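Visitor: I would like to go through this model with you, one question at a time. Could you begin at a single residue and then widen the view?

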Amino acid sequence: MVRRRTSGRKKRSTAYTGMARTTSSHPARKSGLWVLLVLGVLVVINLYVFVWDKKTSVRAIAEQAHNATPAMAMPSAPLAPPVSPGAGAAAAPATSIVEGKVAANDTLGKLLKHHGMSANEADEVIRSLSGVLDFKNIKLGEPFKIERGKDGRVSRFELALAKGHKVHTDRQPSGELIAKAE
């Protein structure tokens, strides 16, 4: 007959744990005084940096922000230089049209940037289409057309989606792009 060991009779060996048994079963008492000392030092450092120092205090930073002159403002200039009335229509650049198809792994942003749009122009087109087009529905091989006006800005962007649907955005006389789905 085989006798089973019970958990109460199991012997604990110190050979496997590498620790010798101590005579006292109470844990060693540690003082929390060093923790208080470290926290006190950190509080003093923070007070110095944020309150007492004349250059880095919160009050000094607020005064610097209040007294600072605004950074250089970006003037809103047209993309193309204005045409003088005496030069006539021959000097004005004609509208340009770029046609193409969506390539593999193209997002709308990549597509617009690869076909000559700056980041600001692409952002303007994407923002105008955001309420009309689900950008996940753009598929490989779908045709698109980008038209630029005489001023060099995008006047129309058109994307032919699957199943005969079209999405386009047109520049209004007010200067903003308005998108429509058909």
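**From one residue to the whole chain**

Guide: Ala181 has its place in strand 5, where helices (H or I, at least four residues) and strands (E, at least two) are DSSP runs numbered from the N terminus. This is a predicted model, in which local features need pLDDT of at least 70 and side-chain atom pairs count only at pLDDT 80 or more, while totals for chains, interfaces and linings use all residues. Residues are numbered from 1 along each chain as its sequence is written, and side-chain values use heavy atoms, with hydrogens and water left out.

Visitor: Is Ala181 buried or exposed?

Guide: Buried means under 20% relative accessible area, exposed over 50%, and partly exposed in between, with a 1.4 Å probe and protein chains only. Because its relative accessibility is 52%, Ala181 counts as exposed.

Visitor: Which residues is Ala181 in contact with, leaving aside its neighbours within four places in sequence?

Guide: Contact means heavy atoms within 4.5 Å. With the neighbours within four places in sequence left aside, the contacts of Ala181 are Val132, Lys166 and Val167.

Visitor: How far apart in space are Ala181 and Glu158?

Guide: The two residues are separated by 23 residues in sequence. From C-alpha to C-alpha, the distance between Ala181 and Glu158 is 9.8 Å.

Visitor: Which elements each supply at least two residues of the largest nonpolar core?

Guide: A nonpolar core is a set of buried Ala, Val, Leu, Ile, Met, Phe, Trp, Tyr and Cys residues joined through side-chain atoms within 4.5 Å. The largest one has 19 residues, and Leu108, Val125 and Phe157 are among those with the most contacts inside it. At least two residues of this core come from each of helix 3 (108-114), helix 4 (119-129), strand 2 (143-148), strand 3 (154-160) and strand 5 (177-181).

Visitor: Why are the buried residues of helix 4 placed on the same side?

Guide: The buried residues of helix 4 are Glu121, Ala122, Val125, Ser128 and Leu129. They lie on the same side of helix 4 because the arc they cover around the axis, taken from the directions from the helix axis to the C-beta atoms, is only 130°.

Visitor: Which residues are exposed on the other side of helix 4, and what do its buried residues pack against?

Guide: On the other side of helix 4, the exposed residues are Asn120 and Arg127. The buried residues of helix 4 pack against helix 3, strand 2, strand 3, strand 4 (166-171) and strand 5.

Visitor: How many residues of strand 1 are buried, and which residue of strand 2 is the bridge partner of Glu99?

Guide: Strand 1 (residues 96-101) has 6 residues, of which the number buried is 0, so it lies largely in the open. Two strands pair if DSSP finds at least two bridges between them, and strand 1 is joined to strand 2 by 6 bridges, the two running antiparallel. In strand 2, the partner of Glu99 is Lys145.

Visitor: What is the phi of Asn105?

Guide: Most residues other than glycine have a negative phi. Asn105, in the loop between strand 1 and helix 3, is not a glycine, yet its phi is positive, at about 60°.

Visitor: Where in the protein is confidence lowest, and where highest?

Guide: The pLDDT is the predictor's confidence in each residue, from 0 to 100, and its mean over the protein is 78, with 71% of residues at 70 or more. Confidence is lowest in helix 2 (residues 58-67), at a mean of 84, and highest, at 92, in helix 1 (residues 33-52).
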